[in-house]
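Me: I want to see how the labels on this model are earned. Take me through them, with the cut-offs.

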2 protein chains.
Amino acid sequence: MKNAFYAQSGGVTAVINASACGLIETARKHRDKIAKVYAGRHGIIGALTEDMIDTSKESPAAIRGLRYTPGGAFGSARYKLAGIDKNRAQYERLIDIFRAHDIGYFFYNGGNDSMDTAQKVSEIAVHMAVPLICIGIPKTVDNDLPITDCCPGFGSAAKYIAVSTREAALDVASMARTSTKVFVLEVMGRHAGWMAAAGGLAGEKAGDAPHIILFPEIVFDRARFLAKVKSSVEKYGYCVVVVSEGVRDPDGKFLAEAGTKDAFGHAQLGGVGPVVAQMTQEAFGYKFHWAVADYLQRSARHIASKVDVEQAYAVGKAAVEFALRGRNAVMPVIVRKSAKPYRWSIGEAPLGKIANKEKKLPRNFMTADGFGITAACRAYLSPLIGGEDYPPYARGLPTYVTLKGVSVVKRLRTPFVV
Amino acid sequence: MKNAFYAQSGGVTAVINASACGLIETARKHRDKIAKVYAGRHGIIGALTEDMIDTSKESPAAIRGLRYTPGGAFGSARYKLAGIDKNRAQYERLIDIFRAHDIGYFFYNGGNDSMDTAQKVSEIAVHMAVPLICIGIPKTVDNDLPITDCCPGFGSAAKYIAVSTREAALDVASMARTSTKVFVLEVMGRHAGWMAAAGGLAGEKAGDAPHIILFPEIVFDRARFLAKVKSSVEKYGYCVVVVSEGVRDPDGKFLAEAGTKDAFGHAQLGGVGPVVAQMTQEAFGYKFHWAVADYLQRSARHIASKVDVEQAYAVGKAAVEFALRGRNAVMPVIVRKSAKPYRWSIGEAPLGKIANKEKKLPRNFMTADGFGITAACRAYLSPLIGGEDYPPYARGLPTYVTLKGVSVVKRLRTPFVV
């Protein structure tokens, strides 16, 4: 009878806790095989420093509440383990901790880097002859993991962006006659344009906003951008732009860095949103507004996609099922079985094929002019924002859960500095 | 038998169309007294240029859909009529249009300035011996109209801000150990801190975010702000700040203008959010993130307050009822009849008492240190975000209505330049 260790890694999402919920609820159904699930406090750092939360102390209601609570309930970490050669001590420390706490299952919930870590932990366990099952659980709003059709967390961020774009566009359209003509929404996705593309779902017929999407995959061309803004304003009275934070100029420099300096000469105060908005004013005198969604887009559980919540739960559940079937060094993936009607199932991929790979937006998902999404892109994206899954409310606010977070008693006397 | 004219004015909200819905649905029940409702295309400009939409051409379903559609369905305008002495021609033009189209009722849906305009139109009608009933309908996310307990539009913006603050705070709390320690959400409210105060609803017990609110009513004190950020980070591991766009430094200058210059030396690219976030990094090296909600906060119909939607509908309905009872130069107001349980009714106020007055956040709604809201403020705000009122969805997106917008045939041959 072994315990399990679970940790959240990297930027959190609106549904990463739904994966934790799926994992813990499923583990609780197999108490004959998995005694307890320990969660790392602040991700893998919790393992390295022997700072773990005993999830068996949490009530069924609290665990159920994770399904609708955004953020990382156990704390996440931006902390990448170095290569085994460079820092073998870290890996050995993990194994020591797992041994000390009878941990036979390692579940790591994260993106590219995390799958790399999970893979390495698996290797070192084999090398040290420690029986340890390592399962990755996909999570990232960036939607950039290979093999899996999509990544839990993305659908909800995409829905937030699509809904917000549609709503703000109605606002701008109302105001354009005498006031704001250009509205810019800046979204995340430093390397891949999946989230920017999601803004494209807001419009369903010709002329609908957004009129321009700026993808990180397409080099920014100021003249072409400005020409497109002008033609939108002249044709529709206004122009809505969705811009990815990762857009770069022809020199490969982030636009966000190009523009702004504060009073002390420090760069990059503003984001790319204000930079491109300002351009349109300089060129044509258009009044503009801009919004930067930042963390709001990845924590907006109030407007989560039902499909995304279900998939996030399912990969957590599948991780336990894989482990109990003795699968090792694998990650559950989402398989699209049918596009219309949308049907999906859970598949399996080796960690090694996921780690350190990045799935960018394919060129045929972007229109020829590079400013919009194609029908193929829409067909891919649309099901991922499908359905609503509202959290419960009290006094006008979502009643997100807070865990008790009872610590596991330490068994090692050796401190470890991270 | 007279027709009615309705126009939307100033910045739109998530629920201004709910007022239009209440007005049009109620007018349709009194076809014996109000023949048709004409809506100004882009507000009062639609009247001046004889550019009106015949709402009788819209289906009952389309009008019903206005209840859950954000933005201004007929178009709004930032266009303040000059004083009668300065521009009598404009007022006379309005009367000419109203006469030409048998308009006996003037409904103006807006804020302070609009109530001033409605009042003046009423005066000039009396002066010109034209029978015209003028009714104002309150609307503003700024919540700064006097007499009325609150302003339709505010409750939904407040709910958006409170929910977003709560959600983003969970995200930051997860990340703080290794990454972001300070998160700043910039909200609207250039002169009054009502929207900033709404962020305070996100926290319900000691230590909950937001840890700092920066109100436009309180002069910004950099040293005190930084000390508070530091103590929050040390105590809770992170710090969430809600900042009003209207915060000013001791010289009375907007902070948003103080910081940023672009590569060409132009001021004010970024907002106040990045300015205060950057300060914390300069002082303590904290990693920060910031979001600027901008139009998202006033168009977020997907997370509208049910109370707000009901009140917006009710003031539209009451406007017609007042008109039919022969009331003139008045505005329906929200009267708080009971705090707990929250009960409200519709009252009446003369336009002259609303026009050009601004209700700021009272000092006793802000904590002694000026960084938070008091129990009195919470008791006032909390009911206004009460209840959810979700729009219908299809394909993962809210199905907001688009009106046909059939134009009223022009009767005057004289053009009018605005």
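Reply: Start with strand E4 (residues 103–110) of chain A, which is mostly covered: eight of its eight residues are buried. This is a predicted model: local features need pLDDT of at least 70, side-chain atom pairs count only at pLDDT 80 or more, and totals for chains, interfaces and linings use all residues. Residues are numbered from 1 along each chain as its sequence is written, while chains are lettered from A and ligands numbered from 1 in the order in which they are written.

Me: Why does Pro341(A) count as buried or exposed?
Reply: A residue is buried if 20 or more other C-beta atoms, placed from the backbone, lie within 10 Å of its own, exposed if 12 or fewer, and partly exposed in between. Pro341(A) has 7 C-beta neighbours inside 10 Å, so Pro341(A) is exposed. Pro341(A) sits in the loop between strand E11 (330–338) and strand E12 (343–350) of chain A. Strands (E, at least two residues) and helices (H or I, at least four) are DSSP runs, numbered from the N terminus.

Me: What makes E1(A) and E4(A) a pair?
Reply: Two strands pair if DSSP finds at least two bridges between them. Strand E1 (residues 2–8) of chain A and E4(A) have six, in the parallel sense. Ala4(A) has Tyr105(A) as its bridge partner in E4(A).

Me: Which strand do six further bridges tie to E4(A)?
Reply: Strand E5 (residues 133–138) of chain A, running parallel to E4(A). Phe106(A) stands opposite Cys134(A) there. Between E4(A) and E5(A) the chain passes through helix H5 (residues 112–127) of chain A, a right-handed β-α-β crossover. Right-handed means that, with the strands pointing away from the viewer, the path from the first strand over the helix to the second runs clockwise.

Me: How do H8(A) and H10(A) pack?
Reply: Helix H8 (residues 222–236) of chain A and H10(A) pack at about 75 degrees, with axes 10 Å apart. Axes are lines fitted to C-alpha atoms, for helices over the stretch in contact, and angles run from 0 to 180 degrees between N-to-C directions.

Me: Why is H8(A) described as it is relative to H10(A)?
Reply: Angles under 35 degrees count as roughly parallel, over 145 as roughly antiparallel, 65 to 115 as roughly perpendicular and the rest as oblique. The angle is about 75 degrees, so H8(A) is roughly perpendicular to H10(A).

Me: How many residues does each chain bring to the contact?
Reply: Chain A gives 66 residues and chain B 65 residues. Two residues are in contact if their C-beta atoms, placed from the backbone, lie within 7 Å. H6(A) supplies the largest share of the chain A side, 13 residues.
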